[in-house]
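Student: Please pick one part of this model and take me through it closely, then place it in the rest of the chain.

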Amino acid sequence: MNRLNRIMMLGLALFVAIPLFAQYERLGGVYYAYPITETKMNQAPEGYEPFYISHYGRHGSRWLTSDNRYIWVNQHFEDQKNLTKLGKDVRKRLDKIWKNAKGNGGKLTALGGRQHRGIARRMYQNFPQLFTSDTHLSAHSSVVGRCRSSMLAFVDELSKLSGLSGLPAITDSADMAWIAYTSPEEKAWENRMNLPLKLSPERFIKALFVDPSKIDNPSKLLMEIHTIASDMQDVELNVSLYDIFTPEEFQAVYEKNNIGMTLVHGDMILNEGIPARSAISLWEN
């Protein structure tokens with residue numbers, strides 16, 4: 001049995017017990033805008049008190065990573081003669097989505113900024129004793145624009161709450177060697193990952209297009225529209241594409257993305273510790 005077959009068997013084992021979520025938002029993968037929940041902080045043991053805090057976070061909610069991804073999807077809907085009634089309706093929705101997204105590919109949304117302000121606010125509220133005038137504070141981000149925007153939102157909120165001004169917010173290409181490093185073997189491993197979609201896109205494509213044979217990559221189109229549909233919760237645009245999917249189609253894309261992310265970035269026997277070794281420079285800093 002080759003490695004890919006073992007991976008797909010593992011995928012079946014991992015996801016067979018996953019229930020169908022009532023809300024499609026949760027099947028958005030990295031585009032799921034996490035909910036804010038109330039938690040009760042554990043008290044420090046007697047005789048101990050907090051003296052240090054560290055936070056390593058991902059950027060907040062964003063548009064799709066580039067304008068080109070929207071453009072690629074929209075090109076399939078240019079020939080209106082090849083669109084079904086549903087396809088024409090979806091075309092109108094995609095036009096509205098594109099007007100909102102144009103020029104914003106890869107950027108942080110307003111929700112993304114609020115998410116990081118919320119993290120800073122909860123940090124300060126839970127540990128106010130750590131933010132005094134003699135405290136050493138620093139913040140670093142990767143050179144990616146949405147990451148710097150996330151950091152600036154975080155630092156601005158923390159500064160307002162703590163009264164500490166001039167907090168350093170550093171974006172330096174030199175920091176990329178540890179803050180978001182991808183090793184050559186990690187890149188090679190990621191390039192080898194090409195997991196198939198475990199569901200036929202035929203029904204989905206036939207529902208949108210009169211002549212499905214004109215669609216050269218139906219699986220990719222299904223997955224990219226899945227991404228756009230999932231991202232609506234991040235851009236807070238009152239447009240939905242959920243109705244054009246069956247529950248099985250929507251979950252199939254989620255499962256493909258989920259196992260792929262786990263294999264490329266997680267801790268699994270099959271990836272031979274490659275992602276963990278790629279993160280050594282982060283752990284050392």
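Tutor: Two residues touch when heavy atoms of theirs lie within 4.5 Å. The model is predicted, so local features need pLDDT of at least 70 and side-chain atom pairs pLDDT 80 or more, while totals for chains, interfaces and linings use all residues. Numbering starts from 1 along each chain as its sequence is written, and side-chain values use heavy atoms, without hydrogens or water.

Let's look at Asn82. Asn82 sits in the loop that links helix H2 (67-75) to helix H3 (85-101); helices here are DSSP runs of H or I with at least four residues, and strands are E runs of at least two, numbered from the N terminus. Asn82 has a relative accessible area of 6%, so this loop residue counts as buried (under 20%, with a 1.4 Å probe and protein chains only; exposed is over 50%, partly exposed in between). Leaving out residues up to four places away in sequence, Asn82 touches Leu208, Phe209, Val210, Asp211 and Lys214. With Asp211 there is a particular detail: a polar atom of the Asn82 side chain lies 2.7 Å from the backbone nitrogen of Asp211.

Further along the chain comes helix H9, residues 218-235. Its 18 residues should span 26 Å at 1.5 Å a residue, and the end C-alpha atoms are indeed 26 Å apart; the expected span is 1.5 Å times one less than the number of residues. H9 is mostly covered, with 15 of its 18 residues buried. After H9 comes Glu236, whose phi is positive, near 60 degrees.

Helix H10 (residues 247-265) passes the length check too: for its 19 residues the expected span and the distance between the end C-alpha atoms are both 27 Å. Its buried residues include Phe250, Val253, Tyr254, Ile259, Leu263 and Val264, along with the charged Glu249, Glu255 and Lys256.

Now for the wider setting. The protein chain holds 12 helices and two strands, in the order α-α-α-α-β-α-β-α-α-α-α-α-α-α from the N terminus on. Its C-alpha trace spans about 70 × 45 × 40 Å along the principal axes. Of the 285 residues, 42% count as buried. Asn82 and its partners fit a wider pattern: among contacts with a separation of 6 or more, 79% join residues 24 or more positions apart.

Conventions. A polar contact is a pair of N or O atoms within 3.5 Å; within protein, one must be able to donate a hydrogen and the other to accept it, and residues adjacent in sequence count only if both atoms are side-chain atoms.
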